[in-house]
Amino acid sequence: MGTADVDYSEFDAAGARASTDELKLIAALRQGDEAAFMALVELYQTALVRVALMYVSSRAAAEDVVQETWLGVLQGLSRFEGRSSLKTWIFRILSNRAKTRAVREGRAIAFSALASATDDPAEPAVDPSHFYPPEHEDHGWWLSYPRSWEDLPESRLLARETRAQIMAAIEALPENQRTVISLRDVEGWTSEEVCSVLTISETNQRVLLHRARSKVRRALEQYLTEM
Amino acid sequence: MTIQDLTCQELVELITDYIEEMLPAVERARFEEHLAQCTGCRNYLDQTQRTIRVLGALPEDSIAPVVRDELLDIFRNWKRG
């Protein structure tokens, strides 16, 4: 798969060091522990495909890149010293593989869009029609309050149909917003981890997260109102 | 300082900075002062926080068995060295 020519030990640098759990996992992998490997796959496969999708054009290409990444991880394992966390190291390998692939595809890398997230035209979190217009003395205030969800049972919010609506809203987001909200809010990554893996600034990360969360909230509100 | 300092329309754009605890102290005070006086914005914040909770409760995609098998093959080949 053409990964043998790359020395991945160079990606093992900076950032948080590997945790004790990760070091144990690495030791198990080196001993050829299949269950340890599959546990690692379980942990990162979804996120790896998500991030790969930011660079390449199709899901199939993304899955290819992820497969190359796992091979790269295994091949680099003997030289991995835990100077970075295992997670960071794996995702650096992914970015490297995905960028190579994107170049081969002749694809403009989606990151130019990410890098300029704050230059995009403003996307208001709430449609301006929900507020008093500029010429009104109360301009910028709610015309009518957003509904309280206090009385909404948690079971309603977590119902399968509600979750389906939310997943559809995530799918409808631009790629970069979808990746950030998925990693932050679905996978539970910290902003530092997202910035490091996507090589974006903290500010860009927050802008993308803000836009994504605002749209998902809006979709949820719309769905709950229609009920 | 009065609630006029920050409109609802401005507040909703600061909500992520607020939740992420990235607002400077003065802005944070303004934000919270507005919240204390505005039911609409309290509802909006609550909606946003609940949205985030639901996002955190979404099931993660499961890995297709064929992908799992391929990766297991890769691992076994690597192990054989």
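# Exercises on a predicted two-chain model

Of the 227 residues in chain A, 38% are buried. The model is a predicted one.

**Exercise 1.** Determine how many helices and strands chain A has, and describe how its contacts are spread along the sequence.

*Solution.* Start with the count of elements: chain A has ten helices and zero strands. Read from the N terminus, the order of elements is accordingly α-α-α-α-α-α-α-α-α-α. Next, take the contacts in chain A with a separation of 6 or more: 71% of them join residues 24 or more positions apart.

**Exercise 2.** State which domains are assigned to chain A and describe the side of domain 1 that touches domain 2.

*Solution.* The domain assignment places residues 8-104 of chain A in domain 1 and residues 112-226 in domain 2. The distance between the C-alpha centres of the two domains is 29 Å. In the contact between them, domain 1 of chain A takes part with eight residues and domain 2 of chain A with eight residues. On the domain 1 side, helix H2 (34-52) and helix H4 (86-104) of chain A each supply at least two residues. The most comes from H2(A), which gives three residues. Sorted by class, this side of domain 1 has five nonpolar residues, two polar and one charged.

**Exercise 3.** Identify the residues that touch the most other members of the largest nonpolar core, and locate a core that lies apart from it.

*Solution.* The largest nonpolar core holds 51 residues, and A:Val51, A:Ala52, A:Val56, A:Ile90, A:Leu94 and A:Val216 touch the most other members. Domain 1 and domain 2 of chain A each contribute at least three residues to this core. Another core, of 13 residues, lies apart from it; A:Val126, A:Phe131, B:Cys38 and B:Tyr44 are among its members. To follow one residue of the largest core further, consider A:Ile90: leaving aside residues up to four places away in sequence, A:Ile90 touches A:Tyr44, A:Thr69 and A:Val73.

**Exercise 4.** Decide whether helix H8 (residues 175-186) of chain A is largely enclosed or open, and give the reason.

*Solution.* A residue counts as buried if 20 or more other C-beta atoms lie within 10 Å of its own. In H8(A), this condition is met by A:Asn176, A:Gln177, A:Thr179, A:Val180, A:Ile181, A:Ser182, A:Leu183, A:Arg184, A:Asp185 and A:Val186. Because ten of the twelve residues of H8(A) are buried, the helix is largely enclosed by the rest of the structure. Just after H8(A) comes A:Gly188, with a positive phi of about 75°.

**Exercise 5.** Characterise the side of chain B that touches chain A.

*Solution.* First, the extent of the contact: 36 residues of chain B meet 43 residues of chain A. Helices H1 (8-19), H3 (39-56) and H4 (65-80) of chain B each supply at least two residues to the chain B side. H3(B) provides the largest share, 13 residues. By class, the chain B side comprises 16 nonpolar, ten polar and ten charged residues.

**Exercise 6.** Describe how helix H10 (residues 202-226) of chain A packs against H3(B).

*Solution.* Two packed helices are described by the angle between their axes and the distance between the axes. Here the angle is about 95° and the axes are 9 Å apart. Angles of 65 to 115 degrees count as roughly perpendicular, so H10(A) is roughly perpendicular to H3(B). H10(A) makes the contact through A:Arg213, A:Val216, A:Arg217, A:Leu220 and A:Glu221, and H3(B) through B:Gln47, B:Thr48, B:Thr51, B:Ile52 and B:Leu55. These residues divide into four nonpolar, three polar and three charged.

Methods:
Residues are numbered from 1 along each chain as its sequence is written. Chains are lettered from A and ligands numbered from 1 in the order in which they are written. This is a predicted model: local features need pLDDT of at least 70, side-chain atom pairs count only at pLDDT 80 or more; totals for chains, interfaces and linings use all residues. Two residues are in contact if their C-beta atoms, placed from the backbone, lie within 7 Å. Helices (H or I, at least four residues) and strands (E, at least two) are DSSP runs, numbered from the N terminus. Ala, Val, Leu, Ile, Met, Phe, Trp, Tyr, Cys and Pro count as nonpolar, Asp, Glu, Lys and Arg as charged, and the others, Gly among them, as polar. Axes are lines fitted to C-alpha atoms, for helices over the stretch in contact, and angles run from 0 to 180 degrees between N-to-C directions. Angles under 35 degrees count as roughly parallel, over 145 as roughly antiparallel, 65 to 115 as roughly perpendicular and the rest as oblique. Domain bounds come from an automatic or database domain assignment. A nonpolar core is a set of buried Ala, Val, Leu, Ile, Met, Phe, Trp, Tyr and Cys residues joined through C-beta atoms within 7 Å.
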